[in-house]
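The following note was prepared for a colleague who wishes to review the fold. It proceeds by numbered points, from strand pairing to the packing of side chains.

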Amino acid sequence: AGESKFRDYKGGRDAAALERLDDRLRSPPVTETDSLAPLVAVDPFVVFAVNPAASSDLTSVFDAVALDRRHEAVFARTPTVPSDGIYLVDDAGSYKYPGTLDFKSFKAWVKKHNVKVWNEPLGPGTFRKIGD
């Protein structure tokens, strides 16, 4: 059963951006990987990562937020980050999630720290431009 809630698409309006969104939505919410290199190849990038050996409390919150925010953020399960927390990995390094471990707090942190891969909001004007 599909979700009946609509979300605004804040992504790019070119074929490449729409293909990335389609691929992200068709893929599992969390990428299982031994290396973050393929995920950080896109510039700008931010990957939210957790170690597979992390506690079930940690991974359950991570998985729930990944399912909810996968349309706009990249999530990975990888042994390359420590197993003591959830990490944001970007071109400057990695940063441990400092907040309380609950869905609402982690989701807010993801929204605040996610680099927007998309450029402009999708709206009727975009389709008029495409149609011209």
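Which residue of strand 4 does F48 stand opposite? The partner is L88. The points below place this pair within the model, which is a predicted one.

1. Overall composition. The protein chain contains 4 helices and 5 strands. Read from the N terminus, the order of elements is α-β-β-α-β-β-β-α-α. The chain has 132 residues, of which 38% count as buried. Among contacts with a separation of 6 or more, 76% join residues 24 or more positions apart.

2. Strand pairing. Two of the pairings are parallel: strand 1 (residues 31–32) pairs with strand 3 over 2 bridges, and strand 2 pairs with strand 3 over 4 bridges. Strand 2 also pairs with strand 4, here in the antiparallel sense and over 4 bridges; the F48 and L88 positions face each other in these two strands. Strand 4 in turn pairs with strand 5 (residues 93–96), again antiparallel and over 4 bridges. Strands 4 and 5 form a hairpin with 2 residues between them, and V89 stands opposite S94 of strand 5.

3. Burial of the strands. In a regular strand, side chains alternate between the two faces of the sheet. Strand 3 is covered on both faces, since V74 and A76 on one side are buried, as are F75 and R77 on the other. As for strand 4, 4 of its 5 residues are buried, so this strand is largely enclosed by the rest of the structure.

4. The environment of R77. This arginine lies in strand 3. Is R77 buried or exposed? R77 has a relative accessible area of 13%, and the cut-off for burial is under 20%, so R77 counts as buried. Its side chain makes polar contacts with two acidic side chains, that of E32 at 2.5 Å and that of D63 at 2.3 Å. R77 is also the bridge partner of E32 and of V50. Beyond its neighbours up to four places away in sequence, R77 touches V30, T31, E32, T33, V50, N51, P52 and D63.

5. Helix 2. This helix covers residues 56–69, 14 residues in number, and reaches 20 Å from its first C-alpha to its last, close to the 20 Å expected at 1.5 Å a residue. Its buried residues are L58, T59, V61, F62, V65, A66, D68 and R69. These pack against strand 2, strand 3 (74–77), strand 4 (86–90) and helix 3.

6. The nonpolar cores. In soluble globular proteins, nonpolar side chains tend to be buried together. The largest nonpolar core here has 18 residues, and the members that touch the most others are F48, F62, F75, I86, F106 and V110. Strand 2, helix 2, strand 4 and helix 3 each give two or more residues to this core, with helix 2 giving the most, 5 residues. V110 is in contact with F48, V65, R69, A73 and F75, leaving aside neighbours within four places in sequence. Another core lies apart from the largest one; this second core has 8 residues, including V47, A49, V74 and V81.

7. Aromatic pairs. A pair of aromatic rings is described by the distance of the centres and the angle of the planes. The model has 8 aromatic pairs. In one of them, the ring centres of F48 and F106 are 6.5 Å apart and the planes stand at 85 degrees, so the pair is edge-to-face. Because F48 lies in strand 2 (residues 47–50) and F106 in helix 3 (residues 103–113), this pair ties together parts that are 58 residues apart in sequence. Both F48 and F106 are buried. Ring pairs link F48, F62, F75, Y97, F106 and W109 into a cluster.

8. Points for the reader to follow in the display. F48 recurs in several of the above descriptions: this residue stands opposite L88, belongs to the largest nonpolar core, and forms part of the aromatic cluster. R77 may be examined in the same way, through its side-chain polar contacts with E32 and D63, and its bridge to V50.

How values were computed. Residues numbered from 1 in each chain as written. Predicted model: local features only at pLDDT ≥ 70, side-chain atom pairs only at ≥ 80, totals over all residues. Heavy atoms only, no water. Phe/Tyr/Trp six-rings, centres within 6.5 Å; stacked < 30°, edge-to-face > 60°. Buried < 20%, exposed > 50% of the residue type's maximum accessible area, 1.4 Å probe, protein only. Expected span 1.5 Å × (residues − 1). Contact = heavy atoms within 4.5 Å. Polar contact = N/O pair within 3.5 Å; in protein donor to acceptor, adjacent residues only side chain to side chain. Core = buried A, V, L, I, M, F, W, Y, C linked by side-chain atoms within 4.5 Å. Pairing = 2+ DSSP bridges.
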